[in-house]
Amino acid sequence: MTRKRRRLYWLLACGLGVGSAAALALSAFRDNLVFFVLPSDLAAQHPGPDRTLRLGGLVAEGSVMRGSEDGHPLARFRITDGRDAVPVTFSGILPDLFREGQGVVALGTLGRDGVFHAAEVLAKHDETYMPKDVAEALKQKGLWNPKAGPPPPASTWNTLAPAKAGAATKAGG
Amino acid sequence: MTAESSASPGGFEMAPGAAMFRSVDALSSLAAPVPPKAPGRGLHRFANPGRFLRLAGALQPWLTAGGLILTAAGLVWGLVFAPADWQQGDAVRIMYVHVPAAWLASAGYLALAVCSVLSLVWRHPLADLAAAEIGPVGAAFTGICLATGSLWGKPMWGAWWVWDARLTSVLVLFFLYLGHIALIRAFDDPTRGYRAGAILALVGVVNLPIIKFSVDWWNTLHQPATISLTGAPSMYLGMLWPLALTALGYTLVFAALVTARTRAAVMERRIRALLMAAAAREDGAVQVAA
């Protein structure tokens, strides 16, 4: 065996060791590596009322109620993952992308009454990028309701010719 | 190390007068860059610095001009003419700066890892130099990715920074680059720096799959990949084309920067070797005179 070949084998062995060590560590800390828990996790775990955690999911369709309390804006909505839904209250300014059907992550505590009191709400946007007129066209044709879920498969719309209204919607969008 | 490096590459010609400086500088043959009679096998063809300089010098203007033109065209297309996103509005245009930088940050680290393997296993002298020069360029692209991502996160997510798996693993990549830059230059004997830097770079490779798959393995605030090998990209084609153009441009700019830096490093070594040879001759002359 030449020296080069021996060094190559040493390197491969070390790589295997480092790789499996990393894989083991990541799978051991799996629960701590998630950025947020889902409503169904919350239903299964029953965290204490004082524990601060992040709750993530979609804003349930038709659940958003905006009001005010003592002069502060107060929003009530439900966060759902399709199986369970958790009612959330948040006093503050919601991000621009907040809407029904949007993914959000709320930081706060779960009260004894089962209501999640959020101190901060972040919007999570999905991986689809489409111009406003394409989104409008899909909605008009009844192919997609953004409040209900993700858009149809990309191959059905990503080559759509933009409407002539493109210039007008660009300023507004 | 000395015996091996001088023995291995076939196309590695030692000028007779420089042979005594092997231990100081493996590339001291640069003092007399004669074309090799028998080219080495495989990648060791490029261990001959004269051949590398000729090839890189010919490539350099194409890489630089192509990179600048494609990047400028892609950015103008993306920032001005591409359609705005239906929900993100014009903020989506940050993508054309951010996403190619993120790709190049990871791809650059992969290049650093390949150089490190060449350096550790085959003791390739140019791989050492290239690894030292990839580091700062990769760190700069990672910095661009982090800064623009932060600027994009505030208006869209509502936060400049969150500690989710994607953002944290890219920050680790940035620190790996910085650590490599520092470590590879931390020794008086450059060879020891190259070895240490190569080992650090290779240990850091475990971070690359973590960056790529963090958005699939764990739930994160960062969205999953838009462009995959298996499905249609969930992006309007009028947005995808400028992104592809910018990505190609960034790649060429990255290559141009690394090539220019490596050429400069090779020439620096040549100058150092010439100066040392001259100093040694003077020493010898003084001793003879005395």
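Visitor: Where in chain B is B:Arg123 found?
Guide: Before we look, note that this is a predicted model: local features need pLDDT of at least 70, side-chain atom pairs count only at pLDDT 80 or more, and totals for chains, interfaces and linings use all residues. Residues are numbered from 1 along each chain as its sequence is written, while chains are lettered from A and ligands numbered from 1 in the order in which they are written. Helices (H or I, at least four residues) and strands (E, at least two) are DSSP runs, numbered from the N terminus. With those names in hand, you will find B:Arg123 in the loop between α3 and α4 of chain B.

Visitor: What is the phi of B:Arg123?
Guide: B:Arg123 sits just after α3(B). Its phi is positive although the residue is not glycine, and the value is near 50 degrees.

Visitor: Is B:Arg123 buried or exposed?
Guide: A residue is buried if 20 or more other C-beta atoms lie within 10 Å of its own, exposed if 12 or fewer, and partly exposed in between, with C-beta atoms placed from the backbone. B:Arg123 has 25 C-beta neighbours inside 10 Å, so it counts as buried.

Visitor: How many residues of α3(B) are buried?
Guide: This helix has 28 residues and reaches 39 Å from its first C-alpha to its last, close to the 40 Å expected at 1.5 Å a residue. The expected span is 1.5 Å times one less than the number of residues. α3(B) is mostly covered, and the count of its buried residues is 22.

Visitor: How many helices does chain B have?
Guide: Along the sequence, chain B reads α-α-α-α-α-α-α-α. It has 0 strands, and its number of helices is 8.

Visitor: Which helix gives the most to the largest nonpolar core?
Guide: A nonpolar core is a set of buried Ala, Val, Leu, Ile, Met, Phe, Trp, Tyr and Cys residues joined through C-beta atoms within 7 Å. The largest one here has 99 residues, and A:Ala106, B:Ala131 and B:Phe254 have the most contacts inside it. With 16 residues, the helix that gives the most is α3 (residues 95-122) of chain B.

Visitor: Which residues is B:Phe254 in contact with, leaving aside its neighbours within four places in sequence?
Guide: Two residues are in contact if their C-beta atoms, placed from the backbone, lie within 7 Å. Setting those sequence neighbours aside, the partners of B:Phe254 are B:Leu104, B:Gly108, B:Val137 and B:Phe141.

Visitor: How many residues of chain A are in contact with chain B?
Guide: On the chain B side, 39 residues take part, and their partners in chain A number 40. Let us split the chain B side by type: Ala, Val, Leu, Ile, Met, Phe, Trp, Tyr, Cys and Pro count as nonpolar, Asp, Glu, Lys and Arg as charged, and the others, Gly among them, as polar. That side has 27 nonpolar, 10 polar and 2 charged residues. To come back to your question, the number in chain A is 40.

Visitor: How far apart are the end C-alpha atoms of helix α5 of chain B?
Guide: Helix α5 (residues 165-184) of chain B has 20 residues, which at 1.5 Å a residue should span 28 Å. Its buried residues include B:Leu167, B:Leu173 and B:Tyr177, and what covers its buried residues includes α2 (30-33) of chain A. The end C-alpha atoms agree with the expected span, being apart by 28 Å.

Visitor: In which strand is A:Ala106 found?
Guide: A:Ala106 has 24 other C-beta atoms within 10 Å and is therefore buried. Its C-alpha atom is 5.7 Å from that of A:Glu120, although the two are 14 residues apart along the chain. A:Ala106 belongs to strand β5 of chain A.

Visitor: How many bridges join strand β5 of chain A to β6(A)?
Guide: Two strands pair if DSSP finds at least two bridges between them. β5 (residues 103-110) and β6(A) run antiparallel, with A:Gly103 opposite A:Lys124 in β6(A). By comparison of direction, β4 (residues 85-91) of chain A pairs with β6 (residues 116-124) in the parallel sense. For β5 and β6(A), the number of bridges is 8.

Visitor: How many residues of strand β2 of chain A are buried?
Guide: Strand β2 (residues 65-69) of chain A pairs antiparallel with β3 (residues 72-80) over 5 bridges. The two form a hairpin with 2 residues between them, and A:Asp70 in the turn has a positive phi of about 55 degrees. β2(A) lies largely in the open, because of its 5 residues the number buried is 0.
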